[in-house]
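Student: I am new to this structure. Please take me through its pockets closely, then show me how they sit in the rest of the chain.

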Amino acid sequence: MDLDAICGWNPIVEQAYSQRDTMLYALGLGYGEDPLDSRELPFVYEHELKAVPAMCMVLAQNKFWLSDPIYGVDAVRLLHAEQAFEMHRPLADTGKVRARFRVTGVEDKGPERGALLHQMKELVDAETEEPIASIRYTLMLRGNGGEGSFGEGSAVAAPLPRRAADLTMEIRTRPGAALLYRLNGDYNPLHADPEVARKAGFDQPILHGLCTMGIACRAILATYCDNDPARLRGMFNRFTSPVFPGETLRFEFFEEPEGLNFRSIAMERDQVVLDRGRATLA
């Protein structure tokens with residue numbers, strides 16, 4: 001792993017997005033399964049279209065940069081570890097945005113133990129420079145380790161309360177969900193090619209972590225925000241296990257004085273796939 005090359009990674013990416021892009025993102029999260037559901041229709045229909053806040057994570061996204069050999073990262077064994085976003089204003093259904101990226105730190109866990117790579121993306125309006133969202137990514141480099149650290153990590157997320165959830169919601173994912181979601185710009189073959197998935201240790205292609213988080217955003221909007229995107233100010237979650245397209249996700253919500261906590265379980269395997277989640281609500 002070339003730490004100097006990784007530390008120097010700071011691209012600027014612009015993207016103009018349309019209502020088609022906004023609807024495609026929502027369809028990738030499973031919106032519109034019931035075309036008669038008036039609560040979800042505004043996310044997939046151009047009349048008074050709403051943008052899902054979690055779409056900020058895929059707008060002006062840089063290419064799968066760690067696959068470039070110059071960085072010395074085993075990209076096939078890379079996994080998403082944690083993700084967070086903070087909204088500075090609601091996301092418009094169309095617009096032109098600019099993203100500035102930087103790596104904030106690498107935490108080396110030691111030889112054969114992997115490393116954590118932390119990066120930030122600041123999303124602004126390309127015309128006015130008005131801040132839209134701050135997005136933080138943490139990646140687990142399973143094929144690296146013992147190669148050095150730099151910068152800063154992130155605070156350790158607190159565990160969820162040890163009690164029954166206050167509310168739950170179930171959402172079934174489509175068997176072809178990963179193939180649809182990848183059209184938002186993440187073309188990592190791990191999510192499409194069975195051979196690549198097997199090399200990475202999975203029996204089949206897995207769902208994008210950001211798709212699972214987007215579905216969590218969908219669940220929070222429906223359960224706590226009356227499907228009003230402006231009421232969701234931010235999210236964080238830890239990815240603890242991959243989701244296989246077609247599985248049913250149960251979201252468990254814990255209402256605490258400091259905010260809303262959540263986790264998600266793949267019901268067919270009784271496996272926690274998102275943990276230590278929290279959401280900031282207006």
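Tutor: Start with the lining of the largest pocket. By class, 21 of its residues are nonpolar, 13 are polar and two are charged. This is a predicted model, so treat each value as computed from predicted coordinates. The space in this pocket comes to about 730 Å³. Its lining counts 36 residues. Nearest the centre lie Leu78, His80, Leu139, Asp186 and His191. Which elements give two or more residues to this lining? They are S2, strand S5 (131–141), H5 and strand S11 (271–281).

Now go to the second largest pocket. Its volume is about 210 Å³. It is lined by 14 residues, and the closest to its centre are Ala158, Glu258, Asn261, Gly277 and Arg278. Two elements give two or more residues here: strand S10 (259–266) and S11. S11 supplies the largest share, five residues. By class, this lining holds seven nonpolar, four polar and three charged residues. Note S11 on your way: it gives two or more residues to the lining of the largest pocket, and it also does so for the second largest pocket.

Next, look for enclosed space. Rolling a probe the size of a water molecule over the atoms shows where empty space is left. How many cavities of 30 Å³ or more does the structure hold? It holds one. The volume of this largest cavity is about 70 Å³. Its lining is made of Gly28, Leu29, Gly30, Glu33, Ile171, Arg172, Thr173, Arg174, Ala177, Ile215 and Arg218. Strand S7 (167–172) and helix H5 (209–224) each supply at least two of these residues. Sorted by class, the lining has four nonpolar, three polar and four charged residues. H5 thus appears twice in this tour: in the lining of the cavity, and in the lining of the largest pocket.

Follow the cavity lining back to helix H2. Gly28 is one of the residues that line the cavity, and Gly28 is also among the buried residues of H2. The others buried in H2 are Thr22, Met23, Leu24, Tyr25 and Ala26. What do the buried residues of H2 pack against? Their partners are strand S1 (12–17), helix H3 (177–181) and H5. Gly30 comes just after H2, and its phi is positive, about 95°. Gly30 is also part of the cavity lining.

Stay on the chain after H2. Asn62 sits in the loop between helix H2 (19–28) and strand S2 (78–87). Is Asn62 buried or exposed? Its relative accessible area is 18%, so Asn62 counts as buried, the cut-off being under 20%. Leaving out residues up to four places away in sequence, Asn62 touches Trp9, Pro11, Val13 and Phe101.

Two other loop residues differ from Asn62 in being exposed, at over 50%. Take Glu112, in the loop between strand S3 (95–108) and strand S4 (115–125). Glu112 is not a glycine, yet its phi is positive, about 65°. Its relative accessibility is 82%, so Glu112 counts as exposed. Then take Asp226, in the loop between H5 and strand S8 (232–239). Asp226 also has a positive phi, near 50°, and is a residue other than glycine. Its relative accessibility is 65%, so Asp226 counts as exposed too.

Finally, step back to the whole protein chain. It has five helices and 11 strands. Its C-alpha atoms fill a box of roughly 50 × 45 × 40 Å along the principal axes. Why does the radius of gyration agree with a compact globule? A compact globule of 282 residues would have a value near 19 Å, and this chain has 18 Å, so the two agree. Buried residues make up 51% of the 282 residues. Now consider contacts between residues at least 6 apart in sequence: 73% of them join residues at least 24 apart. The chain exposes about 12900 Å², and carbon and sulfur atoms supply 49% of that area.

Definitions and conventions:
Residues are numbered from 1 along each chain as its sequence is written. This is a predicted model: local features need pLDDT of at least 70, side-chain atom pairs count only at pLDDT 80 or more; totals for chains, interfaces and linings use all residues. Side-chain values use heavy atoms; hydrogens and water are left out. Helices (H or I, at least four residues) and strands (E, at least two) are DSSP runs, numbered from the N terminus. Buried means under 20% relative accessible area, exposed over 50%, partly exposed in between (1.4 Å probe, protein chains only). Contact means heavy atoms within 4.5 Å. On a 1 Å grid over the protein atoms alone, a cavity is a set of points where a 1.4 Å probe fits but cannot get out, and a pocket is an open set with protein on both sides within 12 Å along at least five of seven lines; lining residues have an atom within 4 Å of a point. Grid points are joined across faces, edges and corners, and a volume is the space filled by probe spheres set on the points. Ala, Val, Leu, Ile, Met, Phe, Trp, Tyr, Cys and Pro count as nonpolar, Asp, Glu, Lys and Arg as charged, and the others, Gly among them, as polar. The radius of gyration is taken over C-alpha atoms; the globule rule is 2.2 Å times the number of residues to the power 0.38. Accessible areas come from the Shrake-Rupley method with a 1.4 Å probe; for residues, only the protein chains shown count as cover.
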